[in-house]
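The paragraphs below go through a protein model step by step. They begin with one residue and its helix, then turn to sheets and salt bridges.

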Amino acid sequence: MARLKPNLAEDLIAITSKLPWWVGVVLAIVAYALLHNMAASEVAAATQPGQLGQLVTQTLFKTLVSVGQYLLPFAFLVGAAMSAFGRYKRRALHEQAAASPDRGALNDMTWQQFEALVGEAFRRKDYAVTETGGGGADGGIDLTLKKEGETFLVQCKQWKAYKVSVTTVRELYGVMAAEGATGGFVVTSGVFTDEARAFAEGRNIELMDGSALHALIRGVGVPAKAASASPAATPAGSLACPVCQSAMVRRTAKRGANSGNAFWGCSQYPGCKGIRAI
């Protein structure tokens, strides 16, 4: 039984640390107000022998509440402090990557920092970001994005030496279908295979390689899923490439699973391989 208390406190701190810092502060204030009010109430004296058990229960409850009125708010405040510190680190990481002249900085960080950086980049594009951690029952999803009532799933791959294969994109597509997500992103510090790019075409999955991510961090790239205008109803010349911001032109896939399907391609191809779905 003694092991349950610290685990409960650790769980509360961990959960609160994932929330905005001010939410933890509000929870601490509310928890203290409620528990303090309970702790201040009087325990009714036992006037009959049959009320002894009730008296013991009330006394034990008041003791727990008296301790909890300090411990519970403390756990919430610790979680709020961790949330604020994590937010500060993510911002600093983003500024450091944005100041880098090339994408080399993406390979000089840990995978945890890479995921935090990707989350911060999307957060600055007005997405509500939830860090899920990946590798579990979620099918390896690292981030869940919310925007305008729509859900997007993100897989992060900080692979320095290998290309991201079509297997990763297929996995994301399967989880998208299972979760009913509007779209998805696979983000890597490296590059993708041709098979991965071919599979993503027409499936509302955006593949962001190291160059595209670095452009997004520097504020010169916007995820295609965030575009408010419908590409099918917008002249190609008004669309900006999500990688280099050049004008886009209508193209038709000549091979792969999407052969014959139309899409918007960067006018600077093959120098830039940025695409948008139609």
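Where is the place of A33? A33 sits in helix α2. The model is a predicted one. With a relative accessibility of 46%, A33 counts as partly exposed, because the partly exposed class runs from 20% to 50%. The C-alpha atom of A33 is separated by 9.6 Å from that of P73, a residue 40 positions away along the chain.

Helix α2 covers residues 21-40. Its 20 residues should span 28 Å at 1.5 Å a residue, and the C-alpha atoms at its ends are 29 Å apart, so the expected and modelled values agree. Which residues of α2 are buried? They are V23, G24, A28, A31, L35 and A39. These buried residues cover an arc of only 135° around the axis, and therefore lie on the same side of α2. The spacing can be read against a general rule: an α-helix has 3.6 residues a turn, so residues three or four places apart point the same way. The face of α2 turned away from the buried side carries exposed residues, namely W22, I29, L34 and N37.

The wider setting comes next. The protein has 278 residues, and buried residues make up 40% of them. Its secondary structure comes to 7 helices and 8 strands. Among contacts with a separation of 6 or more, 54% are between residues 24 or more positions apart.

How many strands does the open sheet have? There are 5, in the order β1-β2-β3-β4-β5, and their pairing is mixed. At the edges are β1 (128-131) and β5, each of which pairs on one side only. From one strand to the next, the twist averages 20°. Within this sheet, strand β2 (residues 143-147) and strand β3 (residues 150-157) are antiparallel and pair over 5 bridges. K146 stands opposite T151 in β3.

Two helices can be placed against this sheet. Helix α4 packs on it and touches β1, β2, β3, β4 (183-188) and β5. The direction of α4 makes about 150° with that of β3. Helix α5 (residues 166-179) also packs on the sheet, where it touches β3, β4 and β5. For α5, the direction makes about 155° with that of β3.

Further along the chain, strand β6 (residues 248-252) runs antiparallel to β7, and 5 bridges join the two. In this pair R251 stands opposite F263 in β7. Strand β7 also pairs with strand β8 (residues 275-277), in the antiparallel sense and over 3 bridges. Here G265 stands opposite I275 in β8. Strand β7, which spans residues 262-266, is mostly covered, with 4 of its 5 residues buried. As a general point on strands, in a regular strand the side chains alternate between the two faces of the sheet.

The remaining topic is charge pairing. The structure holds 6 salt bridges. One of them is between the side chains of E120 and R87, with an N to O distance of 2.4 Å. E120 lies in helix α4 (residues 111-123) and R87 in helix α3 (residues 52-99), so this pair ties together parts that are 33 residues apart in sequence. Are the two partners buried or exposed? E120 is buried, with a relative accessible area of 0%, while R87 is partly exposed at 23%.

E120 has a salt bridge to R123 as well, with N to O at 3.0 Å. R123 and E120 both belong to helix α4 and are 3 residues apart, about one turn of the helix. Both of these residues are buried.

A further salt bridge joins the side chains of D209 and R197, at 3.3 Å from N to O. This pair links distant parts of the chain, 12 residues apart: D209 is in the loop between β5 (205-208) and α7 (210-217), and R197 is in helix α6 (residues 194-200). D209 and R197 are both buried. Elsewhere, salt bridges that share partners join R87, E95, E120, R123 and R124 into one network. The two salt bridges of E120 described above, to R87 and to R123, involve members of this network.

Conventions. Residues are numbered from 1 along each chain as its sequence is written. This is a predicted model: local features need pLDDT of at least 70, side-chain atom pairs count only at pLDDT 80 or more; totals for chains, interfaces and linings use all residues. Side-chain values use heavy atoms; hydrogens and water are left out. A salt bridge is a side-chain nitrogen of Lys or Arg within 4 Å of a carboxyl oxygen of Asp or Glu. Buried means under 20% relative accessible area, exposed over 50%, partly exposed in between (1.4 Å probe, protein chains only). Two strands pair if DSSP finds at least two bridges between them. Axes are lines fitted to C-alpha atoms, for helices over the stretch in contact, and angles run from 0 to 180 degrees between N-to-C directions. Contact means heavy atoms within 4.5 Å. The expected span of a helix is 1.5 Å times one less than its number of residues. The arc is that of the directions from the helix axis to the C-beta atoms.
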